[in-house]
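Open the model in your viewer and keep the selection panel at hand. This tour goes stop by stop.

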Amino acid sequence: MDFLLRLEQLGFSEWIRESSSIFVTVLLLHTIGMGVAVGISAGIDLRILGIAPALPLAPMEKYIPLLWIGFWVNAATGVVLVIADATRTLTNPDFYVKMVFIALALINLRLLRNRVLRDPAIDKAPLSAQAKLLAATSLFFWLAAITAGRLMVYVGGRDIG
């Protein structure tokens, strides 16, 4: 607990917390990063699940690097938000639920990329049940992570998304 209090007492932490424009900017970037990462993932997932079947799936893999940029923007701003409010965040059980679902979503993304998007027959044959299961669980994991993040404000204090 002393370590968490020291984190919050850093000049950087106080600057983030006490400057509403900085805090809002970091929160905005966090939201944009999440929108990019989850939006691309959801677009691919929905295509796998049968939405817009005329769109070829193979070219969608080229959006994965952009998804990772969104993820890393989200991760970097998330670290800043955690440091600014370490005591509340790191003692909040919803934070850990959120982290577990993000980890599951990333593992799922890797499986989906390797087993579905890189399949040479991806646009030549119907998608497997495994592909559809990976897409459905991806949507669930991201939705659960976002929900846990939003619930953090009600369980443990300040809204850090």
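## Stop 1: a helix pair

Select H4 and H6: they are roughly antiparallel to each other (angles over 145 degrees count as such, under 35 as roughly parallel, 65 to 115 as roughly perpendicular and the rest as oblique). Their axes come within 13 Å and cross at roughly 165 degrees. Axes here are lines fitted to C-alpha atoms, for helices over the stretch in contact, with angles running from 0 to 180 degrees between N-to-C directions. The helices themselves are DSSP runs (H or I, at least four residues), numbered from the N terminus. H6 spans residues 93-117.

This is a predicted model: local features need pLDDT of at least 70, and side-chain atom pairs count only at pLDDT 80 or more, while totals for chains, interfaces and linings use all residues. Residues are numbered from 1 along each chain as its sequence is written, and side-chain values use heavy atoms, with hydrogens and water left out.

## Stop 2: the salt bridges

Now select Glu-61, Arg-113 and Arg-118. Salt bridges that share partners join these residues into one network. A salt bridge is a side-chain nitrogen of Lys or Arg within 4 Å of a carboxyl oxygen of Asp or Glu. The structure holds two.

Start with Arg-113 and Glu-61, which meet at 3.0 Å, N to O. Arg-113 lies in helix H6 and Glu-61 in the loop between H3 and H4, so the pair ties together parts 52 residues apart in sequence.

Move to Arg-118. Its closest N and O atoms with Glu-61 are 2.7 Å apart. Arg-118 sits in the loop between H6 and helix H7 (129-156), 57 residues from Glu-61.

Which of the partners is buried? Colour by accessibility. Glu-61 counts as buried at 18% relative accessibility (buried means under 20% relative accessible area, exposed over 50%, partly exposed in between, with a 1.4 Å probe and protein chains only). Arg-113 is partly exposed at 22%. Arg-118 is partly exposed at 44%.

## Stop 3: an unusual backbone angle

Stay in the loop between H3 and H4 and pick Ala-52. Ala-52 has a positive phi of about 55 degrees, although it is not a glycine. At 36% relative accessibility, Ala-52 is partly exposed.

## Stop 4: two threonines

Select Thr-25 in helix H3 (residues 20-48). Thr-25 is partly exposed, at 40% relative accessible area. Measure to Phe-141: the C-alpha atoms are 26 Å apart, across 116 residues of sequence.

Finish at Thr-89 in helix H5 (residues 86-90). Thr-89 is buried, with a relative accessible area of 3%.

How values were computed. Helices (H or I, at least four residues) and strands (E, at least two) are DSSP runs, numbered from the N terminus.
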